[in-house]
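Thanks for asking me to look this over with you. Here are my notes, written for someone opening the structure for the first time.

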Amino acid sequence: MLSLPPSCPPPGPLLAAALAGYFLGSLPFGYLVARAKGVNIFEQGSKSSGATNVRRVLGKRAGNLVFVLDVCKGMAAGGWPLLLIHAWPQAKLIGAVGLLLALVGHSFSCFTHFKGGKGVATGAGGFLVLMPLVTLIAAAIWVLTFFASRYVSLASIFSAVAIPVGACFFHEPRFLVAMGVAVMVFVILRHRANLVRLFQGTENKWTKRPEAAP
């Protein structure tokens, strides 16, 4: 077990978290699940490897599987320091670095020519271990926004905004507030095309895709 002093963590654990986070985030679960079904997900739908596009193209089972896997890699990237490091604030800081790089890896995977998804599920997994209550509130906001509007993109943006707001409200450490702001900006930028379509009234609402016969 590692034990860090109450000062800023040394660069070694931070570098390890960054590298582990990036490669964990880069695991292209959406691409692999779709490829197993004979589909190149980067050529279908929104051309994203995220769970939403996989579900839209291949159905509920495939989409839900990708969602769970993407959440798990975010949890792993942000959560392993909490198991290995005694000093809680430093563990959270190292976990936040891991999560940030996991989001970069998810969206710009070295395994898929730097293509990927938008990072919402991976970010949710990481924040769930770093700020459980804040993340559950953000998840509730996602659900309420989605069922009120049927726009996945709008729900994702609102839930991303809720993370730093909730972190401030519950007096989380400043670096987690800053991390929440960084992720909020990242998610909004990844959804900029969706925002344009929302303002133009051309964004597609979610509709159920008929499941293929087994």
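**Notes on the helices**

1. Let's begin with a pair of neighbours: helix 7 passes helix 8 in a right-handed crossing. Their axes come within 8 Å and cross at roughly 150°. That angle is over 145 degrees, so helix 7 counts as roughly antiparallel to helix 8. Please keep in mind throughout that this is a predicted model.

2. Which residues of helix 7 meet helix 8? From helix 7 come Val-134, Thr-135, Ala-138, Ile-141, Trp-142, Thr-145, Phe-146 and Ser-149. On the helix 8 side, their partners are Val-152, Leu-154, Ala-155, Ser-156, Phe-158, Ser-159, Ala-162, Ile-163, Gly-166 and Ala-167.

3. One of those partners is worth a click. Ser-159 lies in helix 8 and counts as buried, with 10% relative accessibility. Leaving aside residues up to four places away in sequence, Ser-159 touches Ala-138, Ile-141 and Trp-142. These three also appear among the helix 7 residues that meet helix 8.

4. Now for helix 7 itself. It covers residues 132-149, which is 18 residues, and reaches 26 Å from its first C-alpha to its last. That is close to the 26 Å expected at 1.5 Å a residue. Just after helix 7 comes Arg-150, with a positive phi near 65°.

5. Which residues of helix 7 are buried? They are Val-134, Thr-135, Ala-138, Thr-145, Phe-146 and Ser-149. Looking down the axis of helix 7, you will find these buried residues within an arc of 105°, so they line one face of the helix. A general point helps here: an α-helix has 3.6 residues a turn, so residues three or four places apart point the same way.

6. What lies over that buried face, and what is on the other side? The cover of the buried residues includes helix 6 (120-130) and helix 8 (152-169). Turned away from the buried side of helix 7 is a face that carries the exposed residues Leu-136, Leu-144, Phe-147 and Ala-148.

7. Helix 8 has a further partner in helix 9, and their axes come within 8 Å and cross at roughly 170°. That makes helix 8 roughly antiparallel to helix 9 as well. The handedness here is left-handed, whereas helix 7 passes helix 8 in a right-handed crossing.

8. Where helix 8 and helix 9 meet, helix 8 brings Ser-156, Ile-157, Ala-160, Val-161, Ile-163, Pro-164, Ala-167 and Cys-168. Helix 9 brings Val-177, Gly-180, Val-181, Met-184, Val-187 and Ile-188. Ser-156, Ile-163 and Ala-167 are also among the helix 8 residues that meet helix 7.

9. In the loop between helix 8 and helix 9 (174-190) you will find His-171. Its phi is positive, about 55°, although His-171 is not a glycine. Is this histidine buried or exposed? With a relative accessible area of 70%, His-171 is exposed.

10. Another histidine makes a good companion to that one. His-113 sits in the loop between helix 5 (88-107) and helix 6. Its phi is near 55°, a positive value in a residue other than glycine. His-113 is exposed too, with a relative accessible area of 73%.

11. Towards the start of the chain, helix 2 (residues 29-36) has Phe-29, Gly-30, Val-33 and Ala-34 buried. They cover an arc of only 125° around the axis, which puts them on the same side of helix 2. What covers them includes helix 3 (51-58) and helix 4 (60-84). Helix 2 is followed by Gly-38, whose phi is positive, near 80°.

12. Two distances may help you find your way around. Gly-12, in helix 1 (residues 11-26), is partly exposed at a relative accessible area of 45%. Its C-alpha is separated by 29 Å from that of Cys-168, which lies 156 residues away along the chain. Leu-100 belongs to helix 5 and is partly exposed, with a relative accessible area of 34%. From Leu-100 to Asn-40 it is 27 Å, C-alpha to C-alpha, for 60 residues apart in sequence.

Terms used: Residues are numbered from 1 along each chain as its sequence is written. This is a predicted model: local features need pLDDT of at least 70, side-chain atom pairs count only at pLDDT 80 or more; totals for chains, interfaces and linings use all residues. Side-chain values use heavy atoms; hydrogens and water are left out. Helices (H or I, at least four residues) and strands (E, at least two) are DSSP runs, numbered from the N terminus. The expected span of a helix is 1.5 Å times one less than its number of residues. Buried means under 20% relative accessible area, exposed over 50%, partly exposed in between (1.4 Å probe, protein chains only). The arc is that of the directions from the helix axis to the C-beta atoms. Contact means heavy atoms within 4.5 Å. Axes are lines fitted to C-alpha atoms, for helices over the stretch in contact, and angles run from 0 to 180 degrees between N-to-C directions. Angles under 35 degrees count as roughly parallel, over 145 as roughly antiparallel, 65 to 115 as roughly perpendicular and the rest as oblique. A crossing is left-handed if the near helix is turned anticlockwise from the far one by less than a right angle, and right-handed if clockwise.
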